Amino acid sequence: MTMLDDRTTAATTWPAAYPKGYAVVDVETTGLAREDRIVSAAVYRLDARGNVEDHWYTLVNPERDPGPVWIHGLTSDVLEGAPLFGEIAAELSTRLDGRVLVAHNAIFDWSMLAREYARASRSAPTRQRLCTIALAKELRLPLPNHKLATLAAHFGVVQQRAHHALDDARVLAEAFRPSLHAAARDGVRLPLLECRPLTEWSDSPATPRIGYQPSYGHGSWRPSRKRPPCPYPNPGRYEKDGQLVQGMRVAFSGDTSTERELLEDRAIEAGLHVATSVSRLTSLLVTNDPDASTSKTVKAAAYGTPVVDEAAFTQLLRDVAPSPGGPQAAAVAGPAAVPAVPRPAAPSAPAPASE
């Protein structure tokens, strides 16, 4: 299937700054929290223009309950004889070495890989990653949402086994090639981000609990989690095209393609305060549907709270500025560090546009 006519780029001088090779990656996991583990991984190696060179797939013994079997289909019996991550790390490294890691919601795949490498006392040999959600936004693709299935359908790629690492990686590789060519044709700068190895990670032992996986929440119920208070004072609102700053109060609203709990974990790890509601002190609202009439979006419109979507937020998380006050200032400054925002007369003001 030809997803992009090569004549559209035949006359195009390929951008010299583009990477020389890519590793399209997908991992299936026991969940989405810091202590969760990889149960399978797949890599499609692509050349500089997105053509497939080869592919590789492996199961991985997570040394714990496999988690949401109803999603990835991998039971304890199937994984029992699989290699440990440390045993496949060398082969995986060979396939990542010198290439840009490409993934859908790349912050998730990279975080899971980085933690597995850290547990194995190794470092992944990849220095940059590219999120296909961010690339789709750069290309302004007319997608109703940023799910992998939606991106695949846009390029006519047939998905055969959703949530199977090898098929998900294949689908993404096939959708990435026309995206890459479109970017080259239009002179789009690729949204490359640095892959920073972890210096610490959560490796607490997990008690096997078959059929229970709090990270996914089978149904609408999800256990409450006690989070430590943010140690930084609130520096105020997020400024458009600026940086996030430690201590900013961030709220989430609506559906996200990345598990909400994972986004909240990443925000807290970066030094942000995750708020459960929107108030005049909220620095930023993250939502993929700013026009929805939820209580948070309505309040954000009323208070003039800045709004960004999920893809923009995950990119902002990669470069959070340190708190100017330091953690000790939190107890002194507290919420008073944020100037009061006058309450508008009419709460029906239009919501700010999503970036």
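**Close-up views of a predicted model**

**View 1. Glycine 81 in the loop before H4.** Glycine 81 has a relative accessible area of 75% and is therefore exposed, in a model that is predicted. The residue belongs to the loop that links helix H3 (76-79) with H4. Asparagine 61 is separated from glycine 81 by 20 residues in sequence, while the C-alpha atoms of the two lie 7.2 Å apart in space.

**View 2. The six-stranded sheet.** Six strands form an open sheet with mixed pairing, in the order E3-E2-E1-E4-E5-E6. Strand E3 (52-59) and strand E6 (192-194) occupy the edges; each has a single partner strand, so one side of each lacks a neighbour in the sheet. On average, and with direction ignored, neighbouring strands of this sheet are turned by 25 degrees against each other. Within the sheet, strand E1 (residues 21-29) is joined to strand E2 (residues 38-47) by nine bridges, and the pairing is antiparallel. Opposite valine 25 stands valine 43 of E2.

**View 3. Helices H4 and H5 on the six-stranded sheet.** Helix H4 lies across E1, E2, E3 and strand E4 (100-103), and its direction is at about 170 degrees to E3. Helix H5 also packs on the sheet, where it touches E1, E2, E4 and strand E5 (128-131). The direction of H5 makes about 80 degrees with that of E1.

**View 4. The packing of H4 against H5.** Two packed helices are described by the angle between their axes and the distance between the axes. For helix H4 (residues 85-96) and helix H5 (residues 106-119), the angle is about 125 degrees and the axes are 10 Å apart. Because of this angle, H4 is oblique to H5. The two helices, H4 and H5, cross in a left-handed sense. On the H4 side the contact is made by Phe85, Ala89, Leu92, Ser93 and Leu96, and on the H5 side by Leu113, Glu116 and Tyr117. Of the residues in this contact of H4 with H5, six are nonpolar, one is polar and one is charged.

**View 5. The four-stranded sheet.** A second view of strand pairing shows an open sheet of four strands, ordered E8-E7-E9-E10, with parallel pairing. E8 and strand E10 (307-308) are at the edges, each with a single partner strand, so one side of each has no neighbour in the sheet. E9 and E10 are paired in parallel through two bridges. Leucine 285 has valine 307 in E10 as its bridge partner.

**View 6. Strand E7 and its two partners.** Four of the five residues of strand E7 (residues 249-253) are buried, so that the strand is mostly covered. E7 runs parallel to strand E8 (residues 273-275), and three bridges join the two. Alanine 251 has alanine 275 of E8 as its bridge partner. Four bridges link E7 to strand E9 (residues 284-287), again in parallel. Here valine 250 stands opposite leucine 284 of E9.

**View 7. Helices H9 and H10 on the four-stranded sheet.** Helix H9 (residues 260-269) lies across E7 and E8 and runs at about 170 degrees to E7. Helix H10 (residues 295-303) packs on the sheet as well, touching E7, E9 and E10. Between the direction of H10 and that of E9 the angle is about 140 degrees.

How values were computed:
Residues are numbered from 1 along each chain as its sequence is written. This is a predicted model: local features need pLDDT of at least 70, side-chain atom pairs count only at pLDDT 80 or more; totals for chains, interfaces and linings use all residues. Side-chain values use heavy atoms; hydrogens and water are left out. Buried means under 20% relative accessible area, exposed over 50%, partly exposed in between (1.4 Å probe, protein chains only). Two strands pair if DSSP finds at least two bridges between them. Axes are lines fitted to C-alpha atoms, for helices over the stretch in contact, and angles run from 0 to 180 degrees between N-to-C directions. Angles under 35 degrees count as roughly parallel, over 145 as roughly antiparallel, 65 to 115 as roughly perpendicular and the rest as oblique. A crossing is left-handed if the near helix is turned anticlockwise from the far one by less than a right angle, and right-handed if clockwise. Contact means heavy atoms within 4.5 Å. Ala, Val, Leu, Ile, Met, Phe, Trp, Tyr, Cys and Pro count as nonpolar, Asp, Glu, Lys and Arg as charged, and the others, Gly among them, as polar.
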